2 protein chains.
Amino acid sequence: MSATNVDDTVTAMLHQVDQRYTTSRRRLVASLQTGEGPLTITQIVDADETLPQSTIYRNLNILEEAGVVTRVTTSDGFSRYELTEELTGHHHHLICTNCDMVTDFTLDTGIESVLEKALAGAARKAGFQPGAHRLDLLGTCKACR
Amino acid sequence: MSATNVDDTVTAMLHQVDQRYTTSRRRLVASLQTGEGPLTITQIVDADETLPQSTIYRNLNILEEAGVVTRVTTSDGFSRYELTEELTGHHHHLICTNCDMVTDFTLDTGIESVLEKALAGAARKAGFQPGAHRLDLLGTCKACR
DNA sequence: CTCAGTGCAAAGGATTTGCATGCCG
DNA sequence: CGGCATGCAAATCCTTTGCACTGAG
């Protein structure tokens with residue numbers, strides 16, 4: 001999705017929940033678009049020194065409620081944020097168990113579709129209403145091997 | 001795996017890292033065995049009032065290092081713990097996006113094997129050394145529907 | 001006896017919030 | 001103008017840690 005389309009979509013999504021697409025929020029979305037994967041608060045602060053931490057936290061929460069960003073939690077105790085799949089497309093994460101770095105990857109649609117069906121079946125058995133799935137591959141990244 | 005086998009295995013795993021299987025640790029493992037899925041610290045405290053929080057935190061960290069338990073992070077900011085797959089078998093999680101409840105489920109081995117291969121392929125392309133995968137299904141649980 | 005494990009209370013660190021100020025609609 | 005967003009600093013909450021005590025070998 002192109003940058004301007006992202007902005008348009010985000011504007012609409014925020015409007016849905018009676019929120020404005022302010023300057024801070026635009027800068028935040030722009031930072032998230034630059035990454036190869038979800039960013040930590042620290043990374044966002046470093047990437048854009050004009051934004052104070054509190055504004056980042058507050059706006060990420062609002063953007064999360066609006067469905068614009070997704071919070072990704074790893075085991076290192078730091079929250080990470082990325083644009084939702086609605087904006088970036090469906091993808092998964094490679095998570096390095098050594099340095100906790102996270103990068104995106106995709107599977108081909110055939111596998112995804114098989115997986116979807118299997119998950120739907122398992123959900124039905126459990127009386128669970130299925131939504132999105134989340135698939136991460138743990139291991140060791142190129143730099144840590 | 002039966003309860004006594006679990007204890008034997010845990011004893012061995014702890015021994016590997018020069019740790020003893022103390023009373024507190026036994027109680028902790030017992031609590032984790034009762035759940036239908038990963039438990040939060042609060043749930044563990046409530047389930048066994050004899051254990052102070054600090055002991056729970058400390059021993060869960062030791063058990064994690066020994067490979068006996070796994071930390072599961074959801075988006076609600078609470079860590080959850082479960083016995084590792086070595087003790088319980090490979091499984092996945094249903095996560096309710098409304099109440100953050102987590103329960104276990106499994107997929108049949110055919111799907112798992114297809115998935116493994118696909119993940120291995122994606123990892124190779126990224127120069128990533130693949131390990132375990134983590135698959136969660138988000139949605140709404142029976143109680144929240 | 002000795003040393004790891006325990007329990008309490010205090011410290012640490014990521015995240016949230018109160019309040020005065022500034023800015024967009 | 002009016003109200004929401006912002007920025008700073010203080011507060012909050014989960015988690016970790018220091019220290020003296022206890023219990024297993």
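This passage walks through the helix packing of chain A, with a look at matching features in chain B. The model is a predicted one.

Chain A is a mixed chain, with six helices and six strands. Read from the N terminus, its elements come in the order α-α-β-α-α-β-β-α-β-β-α-β. The C-alpha trace of chain A stretches over about 45 × 40 × 30 Å along its principal axes. Chain A has 145 residues, and 44% of them count as buried. As for how the chain folds back on itself, take the contacts between residues at least 6 apart in sequence: 48% of these join residues at least 24 apart.

Helix 2 of chain A is a good place to start. With 12 residues at 1.5 Å each, helix 2 of chain A should span 16 Å, and the 17 Å between its end C-alpha atoms agrees with that. Its buried residues are R25(A), L28(A), V29(A), S31(A) and L32(A). These residues sit on the same side of helix 2 of chain A, because the arc they cover around the axis is only 160°. Over on the other side of helix 2 of chain A, T23(A) and T34(A) are exposed. The cover over the buried residues of helix 2 of chain A includes helix 1, strand 1 (39–40), helix 3, helix 4, strand 2 and strand 3 of chain A.

T34(A) deserves a second look. This residue belongs to helix 2 of chain A, and its relative accessibility of 63% is why T34(A) counts as exposed. Along the chain, T34(A) and A47(A) are 13 residues apart, and their C-alpha atoms are separated by 9.5 Å.

Now for the neighbours of helix 2. In general, a pair of packed helices is described by the angle between the two axes and the distance between them. For helix 1 and helix 2 of chain A, the axes come within 11 Å and cross at roughly 130°. That angle makes helix 1 and helix 2 of chain A oblique to each other, and their crossing is right-handed. On the helix 1 side of chain A the contact involves A3(A), V6(A), D7(A) and L14(A), while helix 2 of chain A brings in R25(A), R26(A), V29(A) and Q33(A).

Between these two helices of chain A runs a loop, and D18(A) is found in it. D18(A) is not a glycine, yet its phi is positive, at about 55°. For context, most residues other than glycine have a negative phi. D18(A) counts as exposed because its relative accessibility is 71%.

Helix 2 of chain A also meets helix 4 of chain A, where the axes come within 10 Å and cross at roughly 80°. Helix 2 and helix 4 of chain A are therefore roughly perpendicular to each other. The residues in this contact are S24(A), R25(A), L28(A), V29(A) and L32(A) from helix 2 of chain A, and T55(A), I56(A), N59(A), L60(A), I62(A) and L63(A) from helix 4 of chain A.

What about helix 4 of chain A itself? Its 13 residues (53–65) should span 18 Å at 1.5 Å a residue, and the end C-alpha atoms are indeed 18 Å apart. T55(A), I56(A), N59(A), L60(A), I62(A) and L63(A) are the buried residues here. They cover an arc of only 165° around the axis, so they lie on the same side of helix 4 of chain A. The face turned away from that buried side carries the exposed residues R58(A) and E65(A). Packed against the buried residues of helix 4 of chain A are helix 1 (3–16), helix 2 (23–34), helix 3 (41–47), strand 2 (69–73) and strand 3 (79–83) of chain A. After helix 4 of chain A comes G67(A), with a positive phi near 80°.

Turning to chain B, the axes of helix 2 (residues 23–34) and helix 4 (residues 53–65) of chain B come within 10 Å and cross at roughly 80°. Helix 2 and helix 4 of chain B are therefore roughly perpendicular to each other. Here S24(B), R25(B), L28(B), V29(B) and L32(B) of helix 2 meet T55(B), I56(B), N59(B), L60(B), I62(B) and L63(B) of helix 4 of chain B.

Chain B also has a non-glycine residue with a positive phi: D100(B), near 65°. D100(B) is placed in the loop between strand 4 (92–96) and strand 5 (102–105) of chain B. D100(B) is buried, its relative accessible area being 17%, whereas D18(A) is exposed.

Terms used. Residues are numbered from 1 along each chain as its sequence is written. Chains are lettered from A and ligands numbered from 1 in the order in which they are written. This is a predicted model: local features need pLDDT of at least 70, side-chain atom pairs count only at pLDDT 80 or more; totals for chains, interfaces and linings use all residues. Side-chain values use heavy atoms; hydrogens and water are left out. Helices (H or I, at least four residues) and strands (E, at least two) are DSSP runs, numbered from the N terminus. The expected span of a helix is 1.5 Å times one less than its number of residues. Buried means under 20% relative accessible area, exposed over 50%, partly exposed in between (1.4 Å probe, protein chains only). The arc is that of the directions from the helix axis to the C-beta atoms. Contact means heavy atoms within 4.5 Å. Axes are lines fitted to C-alpha atoms, for helices over the stretch in contact, and angles run from 0 to 180 degrees between N-to-C directions. Angles under 35 degrees count as roughly parallel, over 145 as roughly antiparallel, 65 to 115 as roughly perpendicular and the rest as oblique. A crossing is left-handed if the near helix is turned anticlockwise from the far one by less than a right angle, and right-handed if clockwise.
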